[in-house]
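Open the model in your viewer and keep the selection tool at hand. The tour goes from one selection to the next.

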Amino acid sequence: MSFSSLALDKSLTDAIKELGYEIPTPIQQQAIPEILAGKDIMAGAQTGTGKTAAFALPILQQLTKYTDALRPIRALVLTPTRELAQQVYKNFVSYAEYTHLKIAVAYGGVSINPQLSAMEKGVDILIATPGRLLDHIEKGSVDLSQLQTIVFDEADRMLDMGFKNEINRVLARLPSKRQTLLFSATFDDAIFKLSKTLLNDPTLIEVNERNTAATQVEQLVYTVDSDRKREITSYLIGSKNWHQVLIFTRTKQMADALAKEMCKDGIPTQAIHGDKSQGARERVLAEFKQGKTRALVATDVAARGIDIIDLKYVINYELPYVAEDYIHRIGRTGRAGNSGLAISLMSPKEEWLLEAVEKVLDSALLQQWLPGFEPDLTKQNQPTKRSNKGKQQARNKALGIKPKKKRR
Ligand code: AMP
């Protein structure tokens, strides 16, 4: 299938041609005709599959017919993080280059004023994070009464981050007759529950395989003592002469501490996480992209939306408490058909986290020792077997969920 068979406007096919897109990815092939036909969709597609163009292109196509100067917001894309909002915005702007449509982005952590002036000029398509969108609605700078299409991008993450209330408040402002598109990397009960309230007779689309151009992410697990993880990380990066390595930790404190220590090892490294200002995050990311820093240590939330086409290496310094995050993490590499390597450093005490990841992946990962970094079996680091309750508590702690009080 080619882009021309999707019946897209020339203004759009010209733009994507310039971006080097030749063949629509599976999610694009399946979603674009359905969205153009006005259907609601529920799509299982992780990042790296080309999901953004899968909703952006048909939305732009549908809106090219409107030429009124008033420009009420006709399409809204909700994203969980500002990084993803920026990324989606950039994609929309490049796809819309040869159309007359105006696109704006609104996220928190920065002054609202430039966003207010953008809204005043009129916006056809808005990309926003839920909190800042509500600020705009309350100020009266955003009116969603003419909305035709709403997209929930990375809906699983939005729920994980506790945006349920914000989502409901936004929904209350939307016309009931609208098209709703829900994209999620993973599906669980919470997503299905949300989909029931949101979607009207949706078309289900599931793309198990990542990008058509055969994305290849090699996955390795090194078992290593936790107090030697920094050493093995610096060793791998240094000895193999890797550049642009994205490293994941579970906490902001660990991200900062690791970045500092790696700099001492002679590897220019910076950290990116939610405690940094938007400006600082943008600067850190730009320096990483330009190759000024060799490694970037990120928390799961901060890494969302980081889109570096040729990022080759991802290191899971700590395995995530939420197993699905593993998929998002390794999805940072192997984008758009490039190959990638994802290494997980697992201390013997983290084995239960690997089990959870393997369950989500539905396959076992190869565990090995790196010569010189074998775990010290004489240490008291035998794997801890946790009860399901223990796992649940750790997961809740990681997500900041407080246990429910027992009713008397
Ligand atoms: P996404 O899953 O939307 O984050 O897209 C992943 C990457 O694939 C982005 O860098 C896109 O620019 C790129 N991409 C999207 N669609 C195509 C396509 N049909 N051909 C080649 N690259 C694409």
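Select K51 and the ligand. A polar backbone atom of K51 sits 3.3 Å from an oxygen atom of the ligand, a polar contact (a pair of N or O atoms within 3.5 Å). This is a predicted model: local features need pLDDT of at least 70 and side-chain atom pairs count only at pLDDT 80 or more, while totals for chains, interfaces and linings use all residues. Residues are numbered from 1 along each chain as its sequence is written, and side-chain values use heavy atoms, with hydrogens and water left out.

Add T49. One of its polar backbone atoms is 3.1 Å from a ligand oxygen atom. Now add I23. Here a backbone N or O atom lies 2.9 Å from a nitrogen atom of the ligand. The ligand exposes 500 Å² when taken alone, and the protein buries 88% of that (Shrake-Rupley accessible areas, 1.4 Å probe).

Widen the selection to the whole shell, taking residues with a heavy atom within 4 Å of the ligand. It holds 16 residues, and the closest are Y21, Q28, G48, G50 and T52. Colour them by class: six are nonpolar, seven polar and three charged. Gly counts as polar here, Tyr as nonpolar, and Asp, Glu, Lys and Arg as charged.

Next, the largest nonpolar core. A core is a set of buried Ala, Val, Leu, Ile, Met, Phe, Trp, Tyr and Cys residues joined through side-chain atoms within 4.5 Å; buried means under 20% relative accessible area, exposed over 50%, and partly exposed in between (1.4 Å probe, protein chains only). This one has 39 residues, and F55, I59, L60, F92, I125 and I127 have the most contacts inside it. Helix α3 (residues 51-63) gives the largest share, eight residues. Helices are DSSP runs of H or I with at least four residues, strands runs of E with at least two, both numbered from the N terminus.

Centre on F92. Which residues does F92 contact, leaving aside neighbours within four places in sequence? They are F55, A56, I59, L60, V77, I103, I125 and I127, with heavy atoms within 4.5 Å.

Apart from the largest core lies another, of 31 residues, including L76, V170, L171 and L199.

Last, two backbone oddities. Most residues other than glycine have a negative phi. Go to A7, in the segment before α1 (10-18). Its phi is positive, about 55°. A7 counts as exposed because its relative accessibility is 54%. Then jump to Q244, in the loop between α10 (229-239) and β9 (245-248). Phi of Q244 is also positive, near 55°. Q244 has 14% relative accessibility, so it counts as buried.

Methods
Polar contact = N/O pair within 3.5 Å; in protein donor to acceptor, adjacent residues only side chain to side chain.
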